[in-house]
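User: I'm new to this one and would like a close look at a single part. Could you pick one helix and walk me through how its sides are placed?

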Amino acid sequence: MITTEKVYILAFPGNDANKEKLFAERLRLLPLPENTPLEVVEVPREIDALAALNAAGLKLMEGYNPDDKRDVSLAMGHWRVWHQALQEGRQSVVVLEEDFVPTGTHYHILDTDETADLLYLGRYASDGDRPANTGGLVRPGYSQGAFAYRLNRRGLEILTASGFAEQIIPAGELFSALSGQHPDREVKEAYTGRLDVLAPMKNFISPDGNWHASLQAAGGYIPLHPQLYQAFGEHEAAWVKRYVNPQLVHREFDLICDEPIDNVYAFPFFTPAFCQEVIEEAEHFGEWTNYREKDGDPIDIKLSSFGLDEVFNQALRKYLHPLLFHKYHLHGQGWENLTSQNFIVRYLAERQGHLGLHNDGSYVSLIVTLNLDYDGGGTFFPKYKKLIKPEQVGYASVHPGLLGYLHGARPITRGRRYILASFFFLGSRPFSDGTY
Ligand SMILES: O=C(O)CCC(=O)C(=O)O
Ligand SMILES: [Fe+2]
């Protein structure tokens, strides 16, 4: 538990009405006491940073030429919050920069007697951390950035009395100076006071600068589960481990595939974590459409609408295509150009609880079961008198989409049913409204 009386979030001015909601949702991922008050503290816009600094009677440290004026805005924000928290008489507060993402799991290491004036929750660490007496915690060495931390009252007093106002630098540099860890002697000796500092070995909070560009294409949508989007480059291995069935990754197709109907294959694809996060992400995005049934209720969302399609396509290309090639004996003929339109679909018992019989018109279609808490449902193939209804989340089925595999979604009678549905074609193909 992160003992704290109040959380302050430093945020740049913006017209994003969803920000507060997003902050609240992200905070729920942290083990904070229930109903911890939250205040969003606006920092000056980047281009106003130096003017605002002057207006507030603050001065940059001599020789500090910020490349990025954001750092100045944020430093002022940190400074303002320390004063405010002190004035409010707080004993323990958490300060976060707006792009905070809770990524920790081992919060229990905070249930320790070891205390500090400042506990980093997220920082850019350099070398020089030393073990603390409690496993999982360290006495940090030089840490260049501090974007999330907890302060006690003593910490607030030390910081506000440190002489920072006359020598503004990024807050993380000040912390390292006051904890005696700053490598630059001038900086180390520039401030008054001594700050006792602890940090978890691995960040509890990360900045979310790693999101993939497809989020930009999705209108700058800010995800609820950034981890879900971090599927590329250095993040890929961790992504696959967290979200994809290991036997599928290892291409043990003949071990894991059932064939309930000739040419229809059922197999585990994703982990329960993937399924849960995709559902939550879609609900968080919330703009349900009726792409496939123009007269129907809104039951689908294109994955591209919330920026998840590049991530999903990578998983399809790397883990599903090989299975399709193997099972359907696809060789040559441009099959490597298989691309798909990807949707999340939500059936509600009280409204659009089913999908009538149809052929998809795709070469192949994929359906992934994302949840189980409903009655009824499943994909029914009348010609074969077979209902495909996996008993575990993350299980998928593929079926030929053009002819011979007429099917529909059986009505659900309780709850809501979520699936991912992908329709594979050769070469990329826009959606009916011309978008991808
Ligand atoms: O919900 C299902 O099981 C079937 C969905 C389907 O056939 C489709 O989306 O084309
Ligand atoms: Fe279908």
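Analyst: Let's start with a term: a residue is called buried when its relative accessible area is under 20%, and exposed when that area is over 50%. Keep in mind that this is a predicted model.

Now for the helix. α9 covers residues 236-243, and its buried residues are E236, W239, V240 and Y243. Look down the axis of α9 and those buried residues fall within an arc of 95°, so they line one face of the helix. Turn to the other side of α9 and you'll find A237, A238 and K241, which are exposed.

What do the buried residues of α9 pack against? They pack against four helices: α8 (226-229), α10 (246-249), α12 (272-285) and α13 (309-327). Here, contact means heavy atoms within 4.5 Å.

While we're at it, a word on the cysteines. A disulfide needs a pair of cysteine sulfur atoms within 2.5 Å, and by that rule the count here is zero. Take C257: the nearest cysteine sulfur belongs to C275 and is 17 Å away, and C257 is in no disulfide. Going the other way, C275 is in no disulfide either, with the sulfur of C257 as its nearest, 17 Å away. Are these two buried or exposed? C257 is buried, with a relative accessible area of 12%, and C275 also counts as buried, at 1% relative accessibility.

Note on methods. Residues numbered from 1 in each chain as written. Chains lettered and ligands numbered in written order. Predicted model: local features only at pLDDT ≥ 70, side-chain atom pairs only at ≥ 80, totals over all residues. Heavy atoms only, no water. Buried < 20%, exposed > 50% of the residue type's maximum accessible area, 1.4 Å probe, protein only. Helix = DSSP H or I, 4+ residues; strand = E, 2+ residues; numbered from the N terminus. Arc of directions from axis to C-beta.
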